[in-house]
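Got your viewer open? Load the model and follow along, one selection at a time.

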Amino acid sequence: MSTTFKFVRTLRNSHRIFLASGAVYAALNLRLLNDLTGLSQHYSESSRRPVPGIARFDYHVVARDELGSNHIQSISTGLPDRFWSFFALYDSYNGVDTSAYLAGNLLNAIIGGLADLFSRAKATKFSRVSERSEVGPDPAPDEIDEEIKETFNRLDDDIVNFSAMLASNNRSSSRHLPHILDAAYSGSSATLAFYDTETRALRVALTGHSRAILGRRGRTGESYSLQVLSVDQDATNAEELARVKREHPGEEVIKNDTLFGVAPLRLFGVGPYKWSRAVRERLSWSDVKEKKTYDDVKTPPYFTAEPVITTTLVQPGDFLVIASPGLWKSLSNKEVIKEVGSTLQSKKKKPSERAVVSETEEPQGSALLVYDQIVFSVWRHFEDLNLASRLVDKAFGGENEAGSVSSLSSAIDDSKSESLSIGVVVFE
């Protein structure tokens with residue numbers, strides 16, 4: 001199986017980070033397993049010890065759109081004294097263009113922003129590993145969080161406002177304008193998981209209502225506790241509801257538990273609900289996607305792309321599950337932890353024994369992350385039970401053979417219109 005490599009050089013705000021010779025990002029190559037019914041395409045992969053600190057990474061994507069396997073991505077960067085691993089999940093709304101933009105830009109922008117932040121803090125300059133120097137402390141944890149938030153907001157500004165400016169300034173090129181605005185008219189959620197092997201800090205940044213949870217092995221090694229790493233940003237979230245009502249007083253913007261018909265209260269894109277009336281009027285002549293007046297849009301922006309970030313410290317044997325809403329509509333947090341925990345224990349125990357799940361408080365704590373140098377790393381494929389496929393099978397295939405895509409019921413197509421994406425990370 002081939003692996004796709006991308007060479008990356010970070011240039012941001014006229015500040016250059018020079019990478020060592022041969023340094024690359026190794027992006028996990030995705031393999032098409034099966035087209036179950038003609039309505040969905042299934043992409044699945046299992047990787048054992050892809051980089052130090054990660055025992056395995058499994059994913060399963062049921063794609064119903066052109067974004068395909070890019071609903072979930074992973075990149076690892078090797079540093080002189082540690083490894084960073086990034087996992088991102090996208091969920092599309094009203095088209096795939098916003099998600100496709102994020103799939104092409106988010107992870108590189110995050111890594112570039114963090115590299116720039118740490119270079120400023122540590123006054124690090126290097127062209128080769130042997131010639132680098134470090135002065136000053138690492139950035140504080142809240143500075144790292146702010147950098148991630150700023151990167152999310154900056155990308156959304158490019159999607160929504162920069163594209164609108166291009167369209168306004170190029171009316172004569174009307175034949176190409178719909179493509180300029182495609183990403184602005186559609187929308188996407190984004191879940192980013194960021195793990196550092198040296199500090200064992202796991203950051204989860206969420207925009208939307210995908211979800212991240214952590215399973216932690218008990219003292220006896222036979223039970224797993226549940227830790228919730230994100231809170232759905234929809235009408236079930238009291239803080240999010242209060243924020244929207246506070247920002248738009250006197251407006252009845254939440255109807256049937258949705259904001260203008262959309263469930264997540266934070267999203268990338270959805271430009272018509274972020275643009276001012278003046279911008280919408282300037283662009284109305286080029287609106288070929290939807291013939292709407294948006295008269296109910298009185299005090300934009302109604303959506304924000306700024307993520308909510310949580311940080312927890314990982315212990316050996318912990319596992320992370322990130323998944324789009326389709327999974328959580330079928331399985332509870334406890335059921336997901338129980339299923340993954342049971343599968344991990346299956347080689348050590350009799351098949352009839354099951355992992356036990358207990359619920360705990362949300363994790364506390366923060367940690368510093370260190371960025372110096374990107375080096376070579378590769379994800380390797382292996383044949384084993386795919387933990388993410390096991391969850392798909394449990395959610396839609398009942399008690400069929402675990403991890404078998406062919407055993408899935410057609411209900412996966414009949415009951416859900418959106419794509420389903422699941423990633424499972426097991427930590428060393």
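Start by selecting residues 333-345, helix H7, and residues 387-396, helix H8: in this predicted model, their axes come within 10 Å and cross at roughly 130 degrees. That angle makes H7 oblique to H8. If you turn the pair around, the crossing you're looking at is right-handed.

Now show the side chains where the two helices touch. On H7, pick Val336, Glu339, Val340, Thr343 and Leu344; on H8, pick Leu387, Arg390, Leu391 and Lys394. Colour them by type and you'll get 5 nonpolar, 1 polar and 3 charged residues in this contact.

Next stop: helix H4, residues 238-247. Which residues of H4 are buried? They are Glu240, Leu241, Arg243 and Val244. Look straight down the axis of H4: these buried residues fall within an arc of 160 degrees, so they line one face of the helix. Here's a handy rule: an α-helix has 3.6 residues a turn, so residues three or four places apart point the same way. Swing round to the other side of H4 and you'll find Ala238, Glu239, Lys245 and Arg246 exposed. And what sits over the buried residues? The cover includes strand S14 (254-255) and strand S15 (258-259).

Stay with those two strands and select Asp257, in the loop between S14 and S15. Asp257 isn't a glycine, yet its phi is positive, about 60 degrees. Is Asp257 buried or exposed? Its relative accessibility is 54%, so Asp257 counts as exposed.

Jump to Val270, in the loop between strand S16 (268-269) and H5. Val270 is another non-glycine residue with a positive phi, near 45 degrees. With 7% relative accessibility, though, Val270 counts as buried.

Now follow the chain to Pro300 and Pro301. The peptide bond joining them is cis, with omega at about 5 degrees. Pro301 belongs to the loop between helix H5 (277-283) and strand S17 (308-313). Why stop at spots like these? Most residues other than glycine have a negative phi, and most peptide bonds are trans.

Finally, zoom out and show the whole chain as a cartoon. There are 9 helices and 20 strands to find. Of the 428 residues, 57% count as buried. As for contacts between residues at least 6 apart in sequence, 73% join residues at least 24 apart.

Notes:
Residues numbered from 1 in each chain as written. Predicted model: local features only at pLDDT ≥ 70, side-chain atom pairs only at ≥ 80, totals over all residues. Heavy atoms only, no water. Axes fitted to C-alpha atoms, helices over the stretch in contact; angles between N-to-C directions. Helix = DSSP H or I, 4+ residues; strand = E, 2+ residues; numbered from the N terminus. Parallel < 35°, antiparallel > 145°, perpendicular 65-115°, else oblique. Left-handed = near helix turned anticlockwise from the far one by under 90°. Contact = heavy atoms within 4.5 Å. Nonpolar A, V, L, I, M, F, W, Y, C, P; charged D, E, K, R; others polar. Buried < 20%, exposed > 50% of the residue type's maximum accessible area, 1.4 Å probe, protein only. Arc of directions from axis to C-beta.
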